[in-house]
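Biologist: Please take one charged pair in this model as a starting point and look at it closely. Then carry the account on, step by step, to other parts of the chain.

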Amino acid sequence: MADIAELPTPPPSATDFPDDVVEKLSLDDSHPVFDGVAPGSSRKHRYERKMGDTELSYFLPSRQSGVNDMYLHLGFKAPERVARRSRVSTVWAILRLRHPLLCARAEMRDYDDVRFIYDAPSSAQDAYCDADANLEYRTQTKDEMIDAYLNGPRTLSNSRLSYLILSEPPSSPVLMPTPPRTPSPTNVSLDVSSGSEDEAEVEVEGKHEYELLICAMHFLGDGMALHQFANDFFGLLGGASSDDELREVLEEEWQSRWRLAPEECILPAALEDNMPLPSQRFRRVAAHVDFQLSQQRLVGGQLFPRRKHPERHTIVPTVSFPEERTKAILKKCKAHGVSISAALFAVCNIAWARMGGGSKAAPTLMYSALNLRPYFTARRAAPWDSYWYLAIGYFNVVLPSFVPPGPAAEAAFWLRARHAKEQSTRAAKSPLVASRTHEMARERGERARAESGSPREPVLPARAKVSSSALIGLSLLGNLDGIYKHAAFPDAELHTLTTGSRQRQGAMLLFGYTFKGRLWISLGYDCNGFEGDVVDRFWKEALDCVDEFLG
């Protein structure tokens, strides 16, 4: 990788619309006026902190082409008034106040010294204008929007760590209007003047189809932060609050934080600082030795055959299963004592073995993310208790690379699913999670610095290693309906969710989750980075395994 690569030019601002971005969605471009704070009445307050090793391991590779830049796409139906620019900007501004890393910038001073810089907004109006400048309206389809983000010019930059894109595709139908509510005796007795013609119109207005893309750097946070943020976003956007009430919330959020600005840094702490370790030298050495030994036990060797290609092109084939079939799949997993997440490790394992892709003697190693939030011991008090921070580690699952023929295959499948569950549970419940997380963070940080042009000598001599190559990574998000409180935003009906990130060349990641009662499985990979049709055949085998073993 080249030395500090020149950052790509950020995309045009929301006011410089390309051909496929039109003004029809921006029905009210005038900025609302917020009471209580006169312009210029509050000076800017600046806060900064250095990135930790885990954040650096995501930041350094991202500089050239946006590797790891995350996205979350949500398709939803809503009345036109819900998606008006002033309402969306107000909600976006409220959440950016609550989560300051979203509107910070990254400043690189050295490979060991990269900082978050946050300039607090001087007023609620300032916060609104900043949010509006990081919001773009388009008329693209879901696939066009995701493809542009993954494969086009980079959307984010060191001065734009997060961004919102809202699109109403040209073919978006205006759905049948919601019929007016049946009057109750209580409603009939109300004074007619207390309502408004607008409210009567709202009751019969049609719904439009919209596509939302939430974009954020991976060193800001992780998938759990993205999904919690999306739930909060729609809770405000599609909830009961009027536009005026939302503006009042924005004013209150600013007042509670910046009427009297704190002296100490208000930015969320780095992962390593949220899991502090004892400072004794013996413990540090013991933790390092334990980590090295645990890494030596990881034996893999199965790899997809890759090829070199000058251009990366990520595609994300996705399948979803109807609610009734999803219920049957989950019931079958439960009957065998595993979760759908554990079963997906077995799906990948058996699919690869049936392809005959590698030596049967070499095990199949796969990796996944571990949510570290339950292990954090350092917590901030409100209003500085943002959940936008990085809180993931990694664990590995190792399974055999052969599959018995005939009826024995199903027994082998469920046995491997249970083995995957056992390995996942052991990683999550290990008393050494904190120390291993610190060691992994240090190693990942050193590796990222070395790949970026700042080589470091190892502290201890390198051990002779067996192959620890991973076949594939799995992002297992679980039941997202436990995060999204759909009843809290009746004016925004979510129906589709896809997620991923800009990838390195030759990268691959499988996603599995349930959303709106349906199981979703997707495979994000660089279609130019693998030989022949090997990934197509793997994807077909994986879906065949779902049909055969999960039902």
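Modeller: Arg 354 is partly exposed, its relative accessible area being 31%; here buried means under 20% relative accessible area, exposed means over 50%, and partly exposed lies in between, with a 1.4 Å probe and protein chains only. The model is a predicted one, in which local features need pLDDT of at least 70 and side-chain atom pairs count only at pLDDT 80 or more, while totals for chains, interfaces and linings use all residues. Residues are numbered from 1 along each chain as its sequence is written, and side-chain values use heavy atoms, with hydrogens and water left out.

Glu 548 is partly exposed as well, at 41% relative accessibility. Arg 354 and Glu 548 form a salt bridge in which the closest N and O atoms are 2.7 Å apart. Because Arg 354 belongs to helix α12 (residues 340–355) and Glu 548 to helix α15 (residues 534–550), the pair ties together parts that are 194 residues apart in sequence. Elsewhere, salt bridges that share partners join Arg 46, Glu 48, Arg 105, Glu 107, Arg 109, Asp 113, Arg 115 and Asp 119 into one network. A salt bridge is taken as a side-chain nitrogen of Lys or Arg within 4 Å of a carboxyl oxygen of Asp or Glu, and helices (H or I, at least four residues) and strands (E, at least two) are DSSP runs numbered from the N terminus.

Within that network, Arg 105 pairs with Glu 107, the closest N and O atoms being 3.9 Å apart; Arg 105 is partly exposed at 25% relative accessibility, and Glu 107 is partly exposed at 27%. Another salt bridge, between the side chains of Lys 142 and Asp 143, spans 3.8 Å from N to O, and here Lys 142 is partly exposed at 26%, whereas Asp 143 is exposed at 55%. The whole structure holds 31 salt bridges.

From charged pairs the account moves to helix α1 (residues 53–65), which is largely enclosed by the rest of the structure because 10 of its 13 residues are buried. Among the buried residues of α1 are Leu 56, Ser 57, Leu 60 and Pro 61. The buried residues of α1 pack against β1 (46–50), β3 (105–110), β4 (113–119), α9 (271–274), β11 (392–399) and α14, where contact means heavy atoms within 4.5 Å. On the α14 side, Ala 448 is found in that helix (residues 433–451) and is buried at 4% relative accessibility. Leaving aside residues up to four places away in sequence, Ala 448 touches Leu 56, Ser 57, Leu 60 and Pro 61, and its C-alpha atom is separated by 6.2 Å from that of Leu 60, although these two residues are 388 residues apart along the chain. Just after α1, Gly 66 takes a positive phi of about 85 degrees.

Buried polar and sulfur-bearing side chains complete the account. Asp 132, in helix α3 (residues 124–133), is buried at 11% relative accessibility, and a polar contact of 2.8 Å joins its side chain to that of Ser 89; a polar contact is a pair of N or O atoms within 3.5 Å, where within protein one must be able to donate a hydrogen and the other to accept it, and residues adjacent in sequence count only if both atoms are side-chain atoms. With a disulfide defined as a pair of cysteine sulfur atoms within 2.5 Å, the count comes to 0 disulfides. Cys 545 is in no disulfide, the nearest cysteine sulfur, that of Cys 348, being 9.0 Å away, and Cys 545 is buried, with a relative accessible area of 0%.
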